[in-house]
Amino acid sequence: MKKETVSRFSVSLPPSLLRQLDEMSGEKGYDNRSLAIADMIRNHLVEHRQKSGNEDIAGTITLVYDHHKQHVQETLTDIQHDHHDVILSTVHVHLDHHNCLEVLLVRGKAGVIRKIADELITAKGVKHGKLTVTTTGKDLPS
Ligand code: NI
């Protein structure tokens with residue numbers, strides 16, 4: 001993406017809010033307020049896009065399950081094979097004798113990813129599941 005020039009705009013804030021912003025920026029290690037605010041805006045844009053079904057998104061689906069529970073492994077594998085086009089990679093870790101941790105890297109339309117995540121997370125035997133969404137980076141300036 002072509003390097004953009006910066007635009008300046010002024011923002012009016014209550015002093016206490018500005019103080020907290022500066023404290024947070026310092027704690028997080030931002031060099032200046034503008035960098036902190038730009039990251040906050042990017043986060044908001046990414047979150048906003050998660051909610052619209054046709055946007056391309058990337059993300060991870062994290063699952064924890066007991067592989068001794070009947071059919072859970074089969075069910076999860078079947079769902080993943082049905083959606084091989086959007087599941088880029090899978091990591092499986094055996095946490096202990098019973099519990100497995102699986103992380104799926106996904107990329108595709110927001111609505112499709114959300115549906116797959118819901119199917120996996122609500123499958124019988126899954127103890128915990130979470131979809132984390134990020135941007136594909138294509139239309140978000142740095
Ligand atoms: Ni395992």
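**Exercise 1.** How do the residues of the lining of the largest pocket divide into nonpolar, polar and charged?

*Solution.* Begin with the model itself, which is predicted, so that local features need pLDDT of at least 70 and side-chain atom pairs count only at pLDDT 80 or more, while totals for chains, interfaces and linings use all residues. Residues are numbered from 1 along each chain as its sequence is written, and side-chain values use heavy atoms, with hydrogens and water left out. Next, sort the lining residues by class (Ala, Val, Leu, Ile, Met, Phe, Trp, Tyr, Cys and Pro are nonpolar, Asp, Glu, Lys and Arg charged, and the others, Gly among them, polar). The lining then divides into 13 nonpolar, 4 polar and 6 charged residues.

**Exercise 2.** At what angle do helix 1 and helix 2 pack?

*Solution.* Two packed helices are described by the angle between their axes and the distance between the axes. Helices are DSSP runs of H or I with at least four residues, numbered from the N terminus. Axes are lines fitted to C-alpha atoms over the stretch in contact, and angles run from 0 to 180 degrees between N-to-C directions. For helix 1 (residues 15–28) and helix 2 the angle is about 90 degrees, with the axes 10 Å apart. Helix 1 and helix 2 are therefore roughly perpendicular to each other, a term for angles of 65 to 115 degrees. In their contact (heavy atoms within 4.5 Å), helix 1 contributes residues including Leu-18 and Leu-21, and helix 2 residues including Ile-37 and Met-40. The residues of this contact divide into 6 nonpolar, 1 polar and 2 charged.

Methods. Parallel < 35°, antiparallel > 145°, perpendicular 65-115°, else oblique.
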